[in-house]
Amino acid sequence: MKFTLNNRFTKQLPADSILENTRRQVINACFSYVTPKQTTNPELVHVSDDMLTTLGLSKEDSITKEFLNVFTGNSLLPDTKPYAMCYGGHQFGNWAGQLGDGRAINLAEVKHNNKTWALQLKGAGETPYSRTADGLAVLRSSVREYLCSEAMHYLGVPTTRALSIALTGDNVLRDILYNGNAAYEKGAIVTRVAPSFLRFGNYQLLAAREDTTTLTTLVDYTIKNHFSHLGNPSKETYISFFKEVAEKTLEMIVHWQRVGFVHGVMNTDNMSILGLTIDYGPYGWLEGYDVDWTPNTTDAENRRYRYSNQPNVGLWNLFQLANALFPLINDAAPLEAILDEYKSAYESDSLQMMRSKIGLYDEFDTDFTLIQELEANLQLVETDMTIFYRMLANFNVDAPNKALILLEDAFYNTAALTDQVKSKWNKWFTAYASRLKLENITAAKRKEQMNLVNPKYVLRNYMSQLAIDAAENGDYTLINELYTLLKQPYSEQHKYKKWFAKRPEWARHKVGCSMLSCSS
């Protein structure tokens, strides 16, 4: 196993001057050197074949002792010094001060095919940023992150990736619901991969501390290595940088809305500067179409991170990043203009996204109202988002009165389809049929294109939980089955059709299937 190193982060940015791994405030630095904790009996659970290829590794590499040791923290790659990043952030709208990589350790940056990738272990032990925690992770959360980050990639959603998941052989004490019932669980490590793990919070913390020197160094580094097309650092470049971050953030969130993904914890320290979905904690997928749903138990009361509010939170988080960058620009007007552009762009981009979901390719002024009425109808009774949109591709414009029968499988309780509800749906289907007749496209082509944006398979929480339950008993076949299934989420895959189904009733209120905590 051989990598070409490109450790630009540690070479170009200031390091913590203290080398001891003690919890502390880290000043005038972007990272701290730290060594992963040794694991007692590591065991590889699964490896992403696609990420192996992307990193220039082979299947043979993945079954070596060296691979197992490196990606469970027991040995280091030659000529590397692992590190944890220093950052702060707003958590649930409140400034939390220094946070940092409390359970993530970056092994190195490697280069392959002219692309540089940061390799990071999640759950590899404490760092100066662990606060009162142990820096470890458990199998259940690791399975969820591993499967979801790869699933999101194949859905076409900008995301960090995952190379591998492994057991550590050590038990970890966790209180899954924060209710005083702590128990030991199997420890695990996910190897995460991304061009960079920089977050909004990296810049926020330096600005909050009025460390403009280090802030300038970090922003210049980011532009040089990730936005080099913008040119040399200047006031104009910094403005262009913020504009691109805003655009990438918006693109990511529109994709979330398209596939029904709810992040669950959109704190500013969980917002990638590259517009990647990052930090898969208490996420979930809309099953019953409830725009006020959040998967996060911590957010159950205020629902700040509910599905419908994700675009607004993205804007709020960008406003915090704008505040952090302001000392380098000293001009609020261009930053405010970019934030205003985000608002107007979301309206147009989301409308276009929704048009694509229901097969509208020409533009009519009535489309917005048609889509609004659809979203209202989806909430009349519990309706499965993924199944509804996928089955809608089979809609017959000449038989709108038969659409409810066609879409029957999307409703969780058909008995709830009262005459009043049916009337509203039939009225919408009639309007939809009339609108589709204005399109210059065949029904077959429309179905083909709709099926490219409406996935047949997503990683529903109950699916993850089944894989977790099996893995807890040493059976990893379901992890592999779901990994394989989710590599082609838009394909029919008839042999896996059992996964094209509504959430089973047993999962409605089951821990891990309905709402989740940040405990991992």
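The radius of gyration of the chain in this predicted model is 24 Å, which agrees with the value near 24 Å that a compact globule of 520 residues would have. Along the principal axes, the C-alpha atoms occupy a box of roughly 70 × 60 × 45 Å. The secondary structure comprises 17 helices and 12 strands.

Contacts and burial add to this picture. Among contacts with a separation of 6 or more, 72% join residues that lie 24 or more positions apart. Of the 520 residues, 59% are buried. The area that the chain leaves exposed is about 21,000 Å², with 49% of it supplied by carbon and sulfur atoms. As for charge, the chain carries 53 positive and 58 negative charges, and the mean positions of these two sets are 4 Å apart.

The interior is worth a closer look. In soluble globular proteins, nonpolar side chains tend to be buried together. Here, the largest nonpolar core holds 135 residues, and the members that touch the most others are Trp285, Trp425 and Leu482. Helix 8, spanning residues 235-259, gives the most to this core, contributing 12 residues. The surroundings of Trp285 can be followed readily in the structure above: beyond its neighbours within four places in sequence, this tryptophan is in contact with Cys148, Met152 and Leu155, with Val259, Gly260 and Phe261, with Trp293, and with Val458, Leu459 and Arg460. A second core, separate from the one around Trp285, consists of 28 residues, including Phe3, Val47, Cys86 and Leu119.

Conventions: Residues numbered from 1 in each chain as written. Predicted model: local features only at pLDDT ≥ 70, side-chain atom pairs only at ≥ 80, totals over all residues. Heavy atoms only, no water. Helix = DSSP H or I, 4+ residues; strand = E, 2+ residues; numbered from the N terminus. Rg over C-alpha atoms; globule rule 2.2 N^0.38 Å. Buried < 20%, exposed > 50% of the residue type's maximum accessible area, 1.4 Å probe, protein only. Contact = heavy atoms within 4.5 Å. Areas by Shrake-Rupley, 256 points an atom, 1.4 Å probe, with all protein chains shown as cover. Lys, Arg positive; Asp, Glu negative; His and termini not counted. Charge placed at Lys NZ, Arg CZ, Asp CG, Glu CD. Core = buried A, V, L, I, M, F, W, Y, C linked by side-chain atoms within 4.5 Å.
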